[in-house]
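Me: I want the reasoning behind the labels on this one. Take me through them, value against cut-off.

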Amino acid sequence: MDKFTNSAWFMRIVAFALAALLFISINFEMESDKKSLGLSTAPEISTETIENVPVEVYYDRENLVVSGVPETVDVTLKGAKSLLINAKNQRDFKVYVDLSDPAISMGDRTVTFKISDLNEKLVATIDPEYAEVNVQERVTKEFSVEAEYNSSLLEEGYTAGQPTVSPKTVKITGAKDAIEQISYVKANLEISKGLNETVNSKATVKALDRDLNKLDVTIEPSSVAVSLKVSIPSKTVSIAPKQTGKAKDGIRITSISVDPKEVTLFGSETSLEKIDEINLPVNISKIDGDTELELDLNKPDSVQKMSLGKAQVKIRTEKVDVDEENAEPVVEEEEPETEQKQEEQVVEEKPEPEEEDEPAAIESKTFSNIQIVPVGIRDDQDAELESDVTSITLLGEADDLKKITKDDINLTVDVSNLDEGTHDVDLAVTVPEGVEWELDSKTVSVTITQKDEET
């Protein structure tokens with residue numbers, strides 16, 4: 001054994017083994033250091049797809065219109081993983097279509113998508129690779145706007161006028177082919193419930209072809225103000241008190257009067273034509289003497305609404321002897337006795353002239369469809385009233401009321417200080433002296449719009 005270990009070959013083998021171990025150890029440490037410093041010579045290659053990348057289009061926007069370019073594309077990147085992560089997070093690259101060449105021809109063409117500002121160590125694939133686009137001359141033309149609404153939403157009995165639009169025209173810009181296809185320019189008034197009052201609202205303008213397909217154009221302004229006047233036919237009829245029941249013994253009803261004497265009904269014209277008066281039943285069975293009552297007016301089923309729901313009823317009575325009342329038919333046959341009774345009646349009624357000193361009874365008279373006149377309109381404005389007629393009730397002595405006609409009543413509304421928009425304005429009322437007046441509403445809605453400038 002000692003002879004083997006002391007031999008030259010043994011020493012050579014041991015030296016070679018130690019040298020091999022030292023070489024392996026040094027190379028392992030160098031590879032570890034390179035990896036820790038990012039100096040690996042074989043980086044990890046990956047792919048990453050970025051969806052919905054916006055597409056920019058470069059072209060002469062003042063004179064051309066380009067259609068057919070998708071708004072977004074998908075981009076697949078390939079390269080080192082660290083670079084991919086940075087590109088995905090930053091999205092600092094651009095996808096574009098270049099149609100900026102001044103010599104570009106009109107019509108259909110195929111264009112490829114390009115990418116810029118991307119790290120040169122990354123490879124990009126765009127999906128789709130190209131697009132079929134159309135290049136047209138840019139044209140601007142003025143069109144009149146027509147407002148529309150769903151007439152089936154009108155509540156029963158109500159009618160609507162022609163909707164008005166402000167401004168009445170819009171400018172539409174788009175490709176020449178698209179402008180030539182425009183057949184209708186509509187502003188649709190969006191209404192979600194039954195129509196029973198005037199509507200003032202904004203409506204979006206749409207350009208449509210002959211088949212009512214929406215066209216891809218630019219509209220200025222994109223929305224307009226639309227006013228739709230909604231009203232309901234009305235008719236003023238008399239209130240007729242109707243006596244019901246039997247008066248108590250010893251009580252005679254001498255008169256029944258109602259205040260006001262008229263009521264305005266609202267509904268369809270066919271329904272109103274059939275109504276000439278509103279009956280007001282007055283039960284006299286519990287009346288003990290002169291009485292004033294407030295009674296409900298019964299609205300006919302065919303009527304949508306009435307200007308008032310109650311009326312004041314005045315009942316005048318006198319007391320009579322029951323036996324005398326029963327004997328009256330016999331007494332009337334004897335002329336002398338009748339004359340005697342008349343004389344007795346005159347004697348009994350002598351104190352009554354004191355009633356002449358009492359103030360005259362106040363009565364009422366209602367006038368319907370009185371015109372409301374706007375005053376103070378500026379030359380550069382238009383004024384539209386939500387309702388240009390109304391009803392007014394005058395209160396006064398009967399003799400004074402009989403002399404008054406519609407021509408004696410003036411209703412005006414001052415619009416001289418109003419800006420553009422819709423306002424509630426007080427009504428100014430002028431009536432003859434000695435009478436009072438009442439209105440259902442002392443204000444009226446007025447819409448002020450600017451007149452279109454002449455071109």
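Me: Why is Leu21 called exposed?
Reply: This is a predicted model, so the value is computed from predicted atoms. Leu21 has a relative accessible area of 59%. Exposed means over 50%. Therefore Leu21 counts as exposed. Leu21 sits in helix α2, residues 8–36.

Me: What makes Val14, Leu18 and Leu21 a nonpolar patch?
Reply: A patch takes residues with over 30% relative accessible area and no salt bridge, and joins nonpolar side chains within 5 Å. Leu21, at 59%, passes the area cut-off. Val14, Leu18 and Leu21 form the patch on the surface, with about 290 Å² of accessible area together.

Me: Is Tyr96 buried or exposed, and how do you know?
Reply: The relative accessible area of Tyr96 is 17%. Buried means under 20%. So Tyr96 is buried. Tyr96 belongs to strand β4, residues 94–98. Tyr96 and Val55 are 41 residues apart in sequence, but 5.2 Å apart in space, C-alpha to C-alpha.

Me: How many cavities of 30 Å³ or more are there, and what makes a space a cavity?
Reply: A 1.4 Å probe must fit but be unable to get out. By this rule the count is one cavity of 30 Å³ or more. The largest cavity has a volume of about 50 Å³. Strands β26 (381–385) and β32 (443–450) each give two or more residues to its lining.

Me: Which residues line the largest cavity, and how do they divide?
Reply: The lining includes Thr198, Lys229, Glu384, Leu385 and Thr447. It divides into one nonpolar, five polar and three charged residues. Leu counts as nonpolar, so Leu385 falls in that class.

Methods:
Residues are numbered from 1 along each chain as its sequence is written. This is a predicted model: local features need pLDDT of at least 70, side-chain atom pairs count only at pLDDT 80 or more; totals for chains, interfaces and linings use all residues. Side-chain values use heavy atoms; hydrogens and water are left out. On a 1 Å grid over the protein atoms alone, a cavity is a set of points where a 1.4 Å probe fits but cannot get out, and a pocket is an open set with protein on both sides within 12 Å along at least five of seven lines; lining residues have an atom within 4 Å of a point. Grid points are joined across faces, edges and corners, and a volume is the space filled by probe spheres set on the points. Helices (H or I, at least four residues) and strands (E, at least two) are DSSP runs, numbered from the N terminus. Patches are made of residues with over 30% relative accessible area and no salt bridge: like charges are joined within 9 Å, nonpolar side chains (Val, Leu, Ile, Met, Phe, Trp, Tyr) within 5 Å. Accessible areas come from the Shrake-Rupley method with a 1.4 Å probe; for residues, only the protein chains shown count as cover. A salt bridge is a side-chain nitrogen of Lys or Arg within 4 Å of a carboxyl oxygen of Asp or Glu. Buried means under 20% relative accessible area, exposed over 50%, partly exposed in between (1.4 Å probe, protein chains only).
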